[in-house]
Every structure is written in C-alpha cells, then in structure tokens.
Amino acid sequence: MSFADLLGRALHALAKLPGALPLAWQRALGRGFGRLARLSNMREARIARRNLELMGVPAAEHERLVHAILAATGSNLMETLRVWTHGQADNMRLVRDVRGHEKLMHALAQGRGAIVAAPHYGNWELLLQYLATQAPFSLVYR
C-alpha cells in the first residue's frame, strides 16, 4: 500500500469520527471550530470581515456576524463529513422536509428535464444525493 493510499484511509477514518456523532454534537463541534477560526483570525475570518466591510455593514456588527458566519460554516463542515462518510440510503434518512419537491416532479413530468440552481449554502452534498434519488442528473459547477 502506498503512502498516498495510507494517508487517504487515515483521513477517511478521521472524517468518520465527527460523522458518527449525533447531529447536535456535530453542530456544536462545528460551532467550536468556527469560534476557533474567528479568535485565531484564520483566513476565513479575515475574508468574512472583508466581505462585510465591502457590503457596507456597520463595523459595530462585524464581529457578531463573523461569529454567526463561521459558526454556520463549521456546523456545515461537520454535517458534510457525515454525508461523505455514510451511504446514500443512510443519508436519505436525514431528509425530513423538501421544499419545492412538487415543482421538481412537475417539471420532470414534462419530459424536458429541469435545472436546479442552488446556492452553495447549507449541505448541498446531501441535496445532490437527494436529487440522485429522484431522477438521473448531471452536475455543473464553477
């Protein structure tokens, strides 16, 4: 086994650890990573601060919003690890509510396909697995 194979297996095993935790614990761990990123002024924190500045958000609001942004990012990271390290059937049990499902099914019933435009917000790895259970699809990203 090559070093790259061994490293890949080790990283996958490491990713499975938070993925095995209950969702509430995953989110708490993710919020902790977000807090660490903010307090240590990591790249993500600096980018969030700069984006808020460019958007014209009052300076007094920056740290509160950076905290919220990085907490959500950390939580999403932990949830993503869960999706990446579990099978599709297991992940589909996480889906509780789908908004727009009827519209998607109506569009697909027309026989011409559908385009789903989704922002990179939330766990879209789970969205992709969900869409794969509904119809064949292609993913385009940039």
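This short presentation describes the helices and pockets of a single predicted model.

Good morning, colleagues. Please keep in mind throughout that the model before you is predicted. I shall begin with two neighbouring helices, turn to two single residues, and finish with the pockets.

Let us start with helix H2, which runs from 23 to 39. H2 has 17 residues, and its first and last C-alpha atoms lie 24 Å apart, close to the 24 Å expected at 1.5 Å a residue. Which residues of H2 are buried? They are Gln-26, Gly-30, Gly-34, Ala-37 and Arg-38. These residues lie on the same side of H2, because they cover an arc of only 115° around the axis. The general principle is that an α-helix has 3.6 residues a turn, so residues three or four places apart point the same way. The buried residues of H2 pack against helix H1, spanning 3–19, against helix H3, spanning 43–54, and against H4. On the face turned away from the buried side, H2 carries the exposed residues Ala-24, Trp-25 and Leu-39. Just after H2 comes Asn-41, which takes a positive phi of about 55°.

Helix H3 can be described in the same order. The 12 residues of H3 should span 16 Å at 1.5 Å a residue, and the end C-alpha atoms are indeed 16 Å apart. Ala-45, Ala-48 and Leu-52 are buried in H3. Seen down the axis, the buried residues of H3 fall within an arc of 65°, so they line one face of the helix. Among the elements that cover these buried residues are H2 and H4. The face of H3 turned away from the buried side bears Arg-43 and Leu-54, both exposed. Just after H3, Gly-56 has a positive phi of about 80°.

I now turn to two residues in other helices. The first is Arg-82, located in helix H4. Is Arg-82 buried or exposed? Its relative accessible area is 12%, and since buried means under 20%, Arg-82 is buried. Setting aside residues up to four places away in sequence, Arg-82 touches Gly-19, Gln-26, Asp-90, Asn-91 and Leu-94. One of these partners, Gln-26, is a buried residue of H2.

The second is Tyr-130, found in helix H7. Tyr-130 counts as buried, with 11% relative accessibility. Leaving aside neighbours within four places in sequence, Tyr-130 is in contact with Met-92, Val-95, Val-98 and His-101. Tyr-130 and Gly-30 are 100 residues apart along the chain, and their C-alpha atoms are separated by 23 Å.

For contrast, consider Pro-119, which sits in the loop between H6 and H7. Why does Pro-119 count as exposed? Its relative accessibility is 58%, and exposed means over 50%, so Pro-119 counts as exposed. The C-alpha atoms of Pro-119 and Leu-36 are separated by 26 Å, and these residues are 83 places apart along the chain.

Finally, the pockets. Rolling a probe the size of a water molecule over the atoms shows where empty space is left. The largest pocket has a volume of about 1,400 Å³. Its lining comprises 43 residues, with Tyr-121, Gly-122, Asn-123, Trp-124 and Leu-126 lying nearest the centre. Which helices each supply at least two residues of this lining? They are H2, H4 (59–84), H6 (101–109) and H7 (124–134). H4 gives the most to the lining of the largest pocket, with 11 residues. By type, that lining divides into 25 nonpolar, 11 polar and 7 charged residues.

The second largest pocket holds about 370 Å³ of space. It is lined by 18 residues, and those nearest its centre are Ile-115, Val-116, Leu-131, Phe-137 and Ser-138. The elements giving two or more residues to this lining are H6 and H7. H7 gives the most, with 5 residues. The lining of the second largest pocket divides into 15 nonpolar and 3 polar residues, with no charged ones.

To conclude, H2 packs its buried residues against H1, H3 and H4. H4 contains the buried Arg-82 and gives the most residues to the lining of the largest pocket. H7 contains the buried Tyr-130 and gives the most residues to the lining of the second largest pocket. Thank you for your attention.

How values were computed: Residues are numbered from 1 along each chain as its sequence is written. This is a predicted model: local features need pLDDT of at least 70, side-chain atom pairs count only at pLDDT 80 or more; totals for chains, interfaces and linings use all residues. Side-chain values use heavy atoms; hydrogens and water are left out. On a 1 Å grid over the protein atoms alone, a cavity is a set of points where a 1.4 Å probe fits but cannot get out, and a pocket is an open set with protein on both sides within 12 Å along at least five of seven lines; lining residues have an atom within 4 Å of a point. Grid points are joined across faces, edges and corners, and a volume is the space filled by probe spheres set on the points. Helices (H or I, at least four residues) and strands (E, at least two) are DSSP runs, numbered from the N terminus. Ala, Val, Leu, Ile, Met, Phe, Trp, Tyr, Cys and Pro count as nonpolar, Asp, Glu, Lys and Arg as charged, and the others, Gly among them, as polar. Buried means under 20% relative accessible area, exposed over 50%, partly exposed in between (1.4 Å probe, protein chains only). The expected span of a helix is 1.5 Å times one less than its number of residues. The arc is that of the directions from the helix axis to the C-beta atoms. Contact means heavy atoms within 4.5 Å.
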